[in-house]
Amino acid sequence: MHRRLPLPLRGSAHAHCSRCGSELYASGRTHLEAWLALTACSAIAYLVANLNPIVEIELRGESTRASLFDALVATWNGGAQPVAALAAACAFLFPLVRIALELFVLAHLHAGRRPAMLGRAMSLLKTLRPWSMVEVFMLGVIVSLVKLGGQTTVIPGPGLAGFAVLTVLMTLLATFDTHSLWDTAERVSS
């Protein structure tokens, strides 16, 4: 049986299984820097996705551009307020808060400081992780575009590319173990 042992913050350290030699977990500055870099890239992709149109639809000579915000407003005005509110939370608000929290915690730990209210931030981060459903939103957009493709001309916008990149980055970020942040915070504060 392996007990989790703290690894040094500096350098790249790895814990291995005493039986088979497989890597169990890694720590160190490289891990924290990679996580911070991916989170910063996610923030940029989030801005691109939400500040640009997702698609441009041409029908009978008229063209319409739609961003996530436009789609949420149209859904709300169409009488589906609960759907609009849930979509806004899962595709807009929760990913924004998740990215902001990760940046907050990671930037402090990278600078060698334990962030204020680390416990609350980590608790909220753990709660939000399953509810940031950018990938579900992306799948819905793709299905909608395929269905619309036969009836109209659909031109993907920069927002769609932003959501595609954000989907990949959020999936990669989900592979990081938040327990390692607690370990890093303990080493920083001691």
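This is a short walk through the structure shown above, from the whole chain down to single residues. Please keep in mind that the model is predicted.

Let us begin with the whole protein chain. Its secondary structure comes to 7 helices and 5 strands. Read from the N terminus, the elements follow the order β-β-α-β-β-α-α-α-α-β-α-α. Of the 190 residues in the chain, 37% are buried. The surface that the chain exposes is about 11,000 Å², and carbon and sulfur atoms supply 66% of it. Contacts can also be sorted by how far apart the partners sit in the sequence. Among the contacts with a separation of 6 or more, 67% are between residues 24 or more positions apart.

A good place to look next is the sheet. Three of the strands build an open sheet in the order 4-3-5, with antiparallel pairing. Its edge strands are strand 4, residues 62–66, and strand 5, residues 153–156, each of which pairs on one side only. From one strand to the next, the twist averages 20°. As a reminder, the strands of a sheet pair through backbone hydrogen bonds, either parallel or antiparallel.

Strand 3 covers residues 55–59 and pairs with strand 5 in the antiparallel sense over 4 bridges. Strand 3 is also joined to strand 4, by 5 bridges, and these two strands run antiparallel as well. You can follow both pairings from a single residue, I57. Towards strand 5, the bridge partner of I57 is V154; in strand 4, I57 stands opposite T64. One residue to look at beside I57 is E56, which stands opposite R65 in strand 4.

V55 also belongs to strand 3, and its bridge partner in strand 5 is P156. Is V55 buried or exposed? With a relative accessible area of 9%, V55 is buried, because buried means under 20%. V55 also shows how the fold brings distant parts of the sequence together: its C-alpha atom and that of V154 are separated by 6.7 Å, although the two residues are 99 residues apart along the chain.

Now follow the chain around the hairpin of strand 3 and strand 4, which has 2 residues between the strands. Here R60 takes a positive phi near 55°. Most residues other than glycine have a negative phi. Beyond strand 4, S67 lies in the loop that leads to helix 2, residues 68–77. S67 counts as buried, at 10% relative accessibility. Leaving aside residues up to four places away in sequence, S67 touches N52, P53 and I54.

Helix 1, residues 29–51, holds another residue to pause at, N50. At 12% relative accessibility, N50 counts as buried. What does the side chain of N50 reach? It reaches the backbone oxygen of Y46, at 3.0 Å. N50 also touches L68, F92 and F163, again not counting residues up to four places away in sequence.

Further along, the loop between helix 3, residues 81–110, and helix 4 contains M117. The phi of M117 is near 55°, a positive value in a residue other than glycine. M117 is exposed, with a relative accessible area of 58%.

That loop brings us to helix 4, residues 118–128, whose buried residues are L118, A121, M122, L125 and L128. Why do these buried residues line one face of the helix? Seen down the axis of helix 4, they fall within an arc of 130°, so they line one face. A general rule helps to picture this: an α-helix has 3.6 residues a turn, so residues three or four places apart point the same way. On the other side of helix 4, R120 and K126 are exposed.

Definitions and conventions: Residues are numbered from 1 along each chain as its sequence is written. This is a predicted model: local features need pLDDT of at least 70, side-chain atom pairs count only at pLDDT 80 or more; totals for chains, interfaces and linings use all residues. Side-chain values use heavy atoms; hydrogens and water are left out. Buried means under 20% relative accessible area, exposed over 50%, partly exposed in between (1.4 Å probe, protein chains only). The arc is that of the directions from the helix axis to the C-beta atoms. Two strands pair if DSSP finds at least two bridges between them. Axes are lines fitted to C-alpha atoms, for helices over the stretch in contact, and angles run from 0 to 180 degrees between N-to-C directions. A polar contact is a pair of N or O atoms within 3.5 Å; within protein, one must be able to donate a hydrogen and the other to accept it, and residues adjacent in sequence count only if both atoms are side-chain atoms. Contact means heavy atoms within 4.5 Å. Accessible areas come from the Shrake-Rupley method with a 1.4 Å probe; for residues, only the protein chains shown count as cover.
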